[in-house]
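Biologist: I would like to learn how to read a few backbone and packing features in a model. Could we go through them one at a time?

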Amino acid sequence: MTLMRSSLAILACSAALLAVAPASAEVVNLKADLKASSEVPPTNSKGSGAVTATYDTASKKLSWKGSYKDLSGPATAAHFHIGEAGKNGAVAVPLSPATSPLEGSATLTDAQASALLAGRMHVNVHTAANKAGEIRGQVTQ
């Protein structure tokens with residue numbers, strides 16, 4: 001009888017610990033340093049900027065804040081692109097409006113999340129003078 005009570009007590013404690021154990025989800029902190037020299041090909045812009053972001057692995061929500069300055073003209077667009085450092089890639093998430101300061105959020109697809117967490121995503125700010133992008137930064141942890 002004592003052995004049974006002890007076993008039940010251990011089982012109850014184990015269940016209680018599992019109930020309060022943290023989920024396997026996490027919030028990942030990310031950043032991108034936006035520079036003309038990181039563009040592919042590099043531009044001669046005096047522009048610069050930075051983006052900080054968080055990614056919640058449970059909800060798949062990417063949230064960002066950022067700013068830029070000294071572009072050749074007004075930004076015409078800004079995006080998160082899927083693409084490794086040194087390579088251009090497809091638009092994944094538009095940053096709208098593209099005006100500084102930047103702030104927003106989006107829910108990522110599994111493929112986008114995989115690229116983000118593997119370091120295969122960058123932020124790009126486009127202008128009329130630099131349609132392919134004037135400043136760019138690889139998103140890193």
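Modeller: This is a predicted model. Start with a loop: Pro 101 lies between β5 and β6.

Biologist: Is the peptide bond from Ser 100 to Pro 101 cis or trans?

Modeller: The angle to read is omega. For Ser 100 to Pro 101 the bond is cis, with omega near 5 degrees.

Biologist: What is the peptide bond from Ser 96 to Pro 97?

Modeller: That bond is cis, with omega near 0 degrees. Pro 97 is also found in the loop between β5 and β6, where β6 covers 102-107.

Biologist: Which sign does phi have at Lys 60?

Modeller: Lys 60 is not a glycine, yet its phi is positive, at about 65 degrees. The residue is found in the loop between β2 and β3. Asp 70, not a glycine either, has a positive phi of about 60 degrees and is found in the loop between β3 and β4.

Biologist: Why does Lys 60 count as partly exposed?

Modeller: Partly exposed lies between the cut-offs of 20% and 50% relative accessible area. Lys 60 counts as partly exposed because its relative accessibility is 28%.

Biologist: How many residues does the largest nonpolar core have?

Modeller: It has 27 residues, and those with the most contacts inside it include Leu 30, Trp 64 and Leu 116. Among the elements giving two or more residues to this core are β1 (27-35), β3 (61-69) and α2 (110-117). β1 provides the largest share, four residues.

Biologist: Which residues is Leu 116 in contact with, leaving aside its neighbours within four places in sequence?

Modeller: Leu 116 contacts Leu 30, Tyr 55, Leu 62, Leu 108, Met 121 and Val 139.

Definitions and conventions: Residues numbered from 1 in each chain as written. Predicted model: local features only at pLDDT ≥ 70, side-chain atom pairs only at ≥ 80, totals over all residues. Heavy atoms only, no water. Core = buried A, V, L, I, M, F, W, Y, C linked by side-chain atoms within 4.5 Å. Buried < 20%, exposed > 50% of the residue type's maximum accessible area, 1.4 Å probe, protein only. Contact = heavy atoms within 4.5 Å.
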